[in-house]
Amino acid sequence: MKVALFSSQKYERAFFTEAANAYPHIEITHLEHALKMETVYLASGFDAICVFVNDDVNACVLAELAELNVKFIALRCAGFNNVDIDAAHALGIQVVRVPAYSPEAVAEHCMALILTLARKTHKAYNRVREENFDLNGLLGFNIHNKTVGVIGCGKIGQSLVSILNGFGAHTLVFDPNVGEGSYTKVSLQMLFEQSDIITLHCPLTESTHHLLDDAAFQKMKTGVMVINTSRGALIDTQACIKALKSRKIGYLGLDVYEQESELFFKDRSEDIIQDDDFIRLSGFPNVLITGHQGFFTKEALTEIASITISNLNALDCGQVSPNSV
Ligand code: NAI
């Protein structure tokens, strides 16, 4: 089985080489290009492609992949909003993903964003490096006794709830598909109104697109902390900028961004960034952005590579993969 791995990054190659050792019939070629209409021709001669979060696997790309006789798509991530699944099925292309590799990796990163913003450790780090030990401007707040609203309580949401419970926070959960747990289930309206911190852990779908918009921000407490480690388009960027300018949002932590596919996973330090919204966001003193690194731990990468290779092996052997989408 010949596999073209798109959007390949140096950091993941050793993990895939190690995972593929036990499957000599799977041959992986690493391609640095992201998959899109302009690059789909690179899949010529391959049986399968392996893609990541910002590869664009839309209906036109899929039609071209089918023309090139590509039969399988292995997502090396959990979310699959970037693949037109119906179109893939109609073309007879099978799609697999890595539904869970380390929910704790993302939940812990989310907690890191919350704590950094709450205690301003990113600012303290810079001050102390310049021998500035002034505490003015670094006043923080406790997580203990705060109300944290968790939207989407699947694997990552559950892991975060455990962490938050350890901190002595009150956790409110909005998720239409979960039962009772070590949290209080509430309506979305109530979560917006009562939470000091709101964090997103639901998938991006048509119904969750711009879940946090003008109307949602209006309902929140003034000075609320908003965290998004899920998918960028859950937040309406324009509405978010407006809410930051009016101080409705007091703290914003993002690991994902609506237009991240044009920015993330590359060194842009010598570029002139054309995305004015991103520059506006990163210019606020109370905004902390990381470049989609929630998943980025040794444990998670080991799991991602190993599950992706075993998914590909199952497809190659004609088995129905439990990780089919
Ligand atoms: P999951 O499938 O275990 O949980 C998602 C939960 O969201 C489910 O319980 C579902 O019922 C709930 N949900 C669906 N629609 C909802 C809605 N409208 N309102 C509230 N809840 C809703 O998924 P998991 O593993 O917890 O991942 C969550 C998301 O995290 C993924 O979809 C992905 O976008 C993102 N993610 C981000 C990573 C990063 O590196 N920043 C890495 C991995 C995942």
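Helices and strands are here DSSP runs, of at least four residues for a helix and at least two for a strand. With that in mind, the predicted model can be read from its annotated spans down to the contact between its domains.

UniProt, in an unreviewed entry, lists residues 111-294 as "domain: D-isomer specific 2-hydroxyacid dehydrogenase NAD-binding". Helix makes up 33% of this stretch and strand 16%, and the C-alpha atoms at its two ends are 10 Å apart. Also from an unreviewed UniProt entry comes "domain: D-isomer specific 2-hydroxyacid dehydrogenase catalytic", given as residues 3-324. That span is 35% helix and 15% strand, with 17 Å between its end C-alpha atoms.

The domain assignment offers another way to look at the chain. Domain 1 is built from two pieces of sequence, 2-101 and 298-316, while domain 2 covers 103-289. Between the C-alpha centres of domain 1 and domain 2 the distance is 30 Å. Where the domains touch, domain 1 contributes 12 residues and domain 2 contributes nine residues.

How much area is buried between domain 1 and domain 2? The value is about 850 Å², and carbon and sulfur atoms give 55% of that area. On the side of domain 1 that touches domain 2, seven residues are nonpolar, four are polar and one is charged. Turning to specific kinds of interaction, zero salt bridges are counted between domain 1 and domain 2. Polar contacts do appear there: three residue pairs, with both residues at pLDDT 80 or more, link domain 1 and domain 2 in this way.

Technical notes: Residues numbered from 1 in each chain as written. Predicted model: local features only at pLDDT ≥ 70, side-chain atom pairs only at ≥ 80, totals over all residues. Heavy atoms only, no water. Domains from an automatic or database assignment. Contact = heavy atoms within 4.5 Å. Buried area = accessible area lost by both parts, 1.4 Å probe. Salt bridge = Lys/Arg side-chain N within 4 Å of Asp/Glu carboxyl O. Polar contact = N/O pair within 3.5 Å; in protein donor to acceptor, adjacent residues only side chain to side chain. Nonpolar A, V, L, I, M, F, W, Y, C, P; charged D, E, K, R; others polar. UniProt positions renumbered as here; feature names shortened; annotations may be inferred.
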